[in-house]
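Please open the model in your viewer and keep the sequence panel visible beside it. The tour below proceeds by selections, each followed by a description of what is found there.

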Amino acid sequence: MVTSLETPTHGSGDTTRLGVLLAIVDFPMLSAAYRAVIDRERDMRVVGDVANRDSIVADIRATRADIVVAECEAFGGFGCATSESIATLRAARPDAKIIALDCRGATEQFSVALKAGADGLLTREAHESDVVDAIRSVAAGHTYVSPTIVTRMINTYVRRSPDAALDDPYETLTEREREILLLASMGHTNRDIARTLHLSEQTVHYHRANVMEKLGLHDRVELLRFTVRRGLLNPANL
């Protein structure tokens, strides 16, 4: 259920102010802080707060807010910052901009969120100015990534010693991604994998895309070659 619900502003009467819906269920103090920051600005205001994760999709559809600020783990059971939670928000309101709150702090998580349909990504430690900048940026059609995340990326990649050995890309895969890698290389479709692992097809799609990107592969043949070279799969068993 949405609390403090107001009529959507932008495009619905008050066209000078952006309507922001806060879907930060697990962090009520953070939600209150965001409301205070946003409502101080002349070009935006909060049109509602989602109070119950079970009704988050219905609430997002009902408010017709211009921008939704949502914690990545929005539905429980999907895991933190998963692609499925963000994709579900995108499906519920295709025309709304989505700013996801990164709750894990992993450098690579921003790409997962953006691929899933988020327009921006903030950390929970974001400064007031970052929150306002993020809202204005995505409203203007730009992609926004928190400066904290950009700094983390620079420290991780750009400043890495040029003499250091390259990381094994396989080691960057999660356990779920490794499961999907093996099944996909054996020729299983996304639907097959979804049924086997009890996931949605969309979740499998995003995991599979992440695997391909991390390993630098392009098709199923390359997947198969990789798993055979790695000793993960015996061709005699195919």
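Is Ser129 buried, partly exposed or exposed? Select Ser129, which belongs to helix 5. The structure is a predicted model, and in it the relative accessible area of Ser129 is 43%. Buried would require under 20% and exposed over 50%, so Ser129 counts as partly exposed. Add Val37 to the selection: 92 residues separate Ser129 and Val37 in sequence, yet their C-alpha atoms are 8.7 Å apart in space.

**The whole chain**

Now select the entire chain. It contains 10 helices and seven strands. Of its 238 residues, 45% are buried. Among contacts with a separation of 6 or more, 64% join residues that are 24 or more positions apart.

Next, colour the chain by confidence. The mean pLDDT is 79, and 75% of the residues reach 70 or more. Where is confidence lowest, and where is it highest? Strand 1 (residues 2-3) has the lowest mean, 56, while strand 2 (residues 18-23) has the highest, 94. Select residues 7-13, where the pLDDT is below 50; this stretch has 19 contacts in the model beyond near neighbours in sequence. Then select residues 74-81, where the pLDDT is also below 50 and the corresponding number of contacts is 23. Where pLDDT is low, predicted coordinates should not be read in detail.

**Helix 5**

Return to helix 5 and select residues 128-139. What span should its 12 residues have? At 1.5 Å a residue, the expected value is 16 Å. The C-alpha atoms at its ends are 17 Å apart, which agrees with that expectation. Show the side chains of Asp130, Val131, Val132, Ala134, Ile135, Ser137 and Val138, which are buried residues of this helix. In an α-helix there are 3.6 residues a turn, so residues three or four places apart point the same way. Following helix 5 is Gly141, with a positive phi near 95 degrees.

**Helix 1 and Asp39**

Select helix 1 (residues 28-39), where Asp39 is located. Asp39 has a relative accessible area of 33% and is therefore partly exposed. Which residues does Asp39 contact, leaving aside neighbours within four places in sequence? They are Arg17, Met44, Arg45 and Val46. Select Val20 as well: Asp39 and Val20 are 19 residues apart in sequence, and 9.6 Å lies between their C-alpha atoms.

**Helices 7, 8 and 9**

Select helix 7 (residues 175-185) together with helix 8 (residues 190-197). Their axes are 10 Å apart, and the packing angle is about 130 degrees. Helix 7 is therefore oblique to helix 8. The crossing of these two helices is right-handed. To see the contact, show Arg176, Glu179, Ile180, Leu183 and Ala184 of helix 7 with Ile193, Thr196 and Leu197 of helix 8.

Keep helix 7 selected and replace helix 8 with helix 9 (residues 201-215). How do helix 7 and helix 9 lie relative to each other, roughly parallel or roughly perpendicular? Their axes come within 9 Å and cross at roughly 90 degrees, so the two helices are roughly perpendicular. Helix 7 contributes Arg176, Glu177, Ile180, Leu181 and Ala184 to this contact. Helix 9 contributes Val204, His207, Arg208, Asn210, Val211, Lys214 and Leu215. For a last selection, show Arg176, Ile180 and Ala184 of helix 7: they take part in the contact with helix 8 and in the contact with helix 9.

Note on methods
Residues numbered from 1 in each chain as written. Predicted model: local features only at pLDDT ≥ 70, side-chain atom pairs only at ≥ 80, totals over all residues. Heavy atoms only, no water. pLDDT = per-residue confidence, 0-100. Helix = DSSP H or I, 4+ residues; strand = E, 2+ residues; numbered from the N terminus. Contact = heavy atoms within 4.5 Å. Expected span 1.5 Å × (residues − 1). Buried < 20%, exposed > 50% of the residue type's maximum accessible area, 1.4 Å probe, protein only. Axes fitted to C-alpha atoms, helices over the stretch in contact; angles between N-to-C directions. Parallel < 35°, antiparallel > 145°, perpendicular 65-115°, else oblique. Left-handed = near helix turned anticlockwise from the far one by under 90°.
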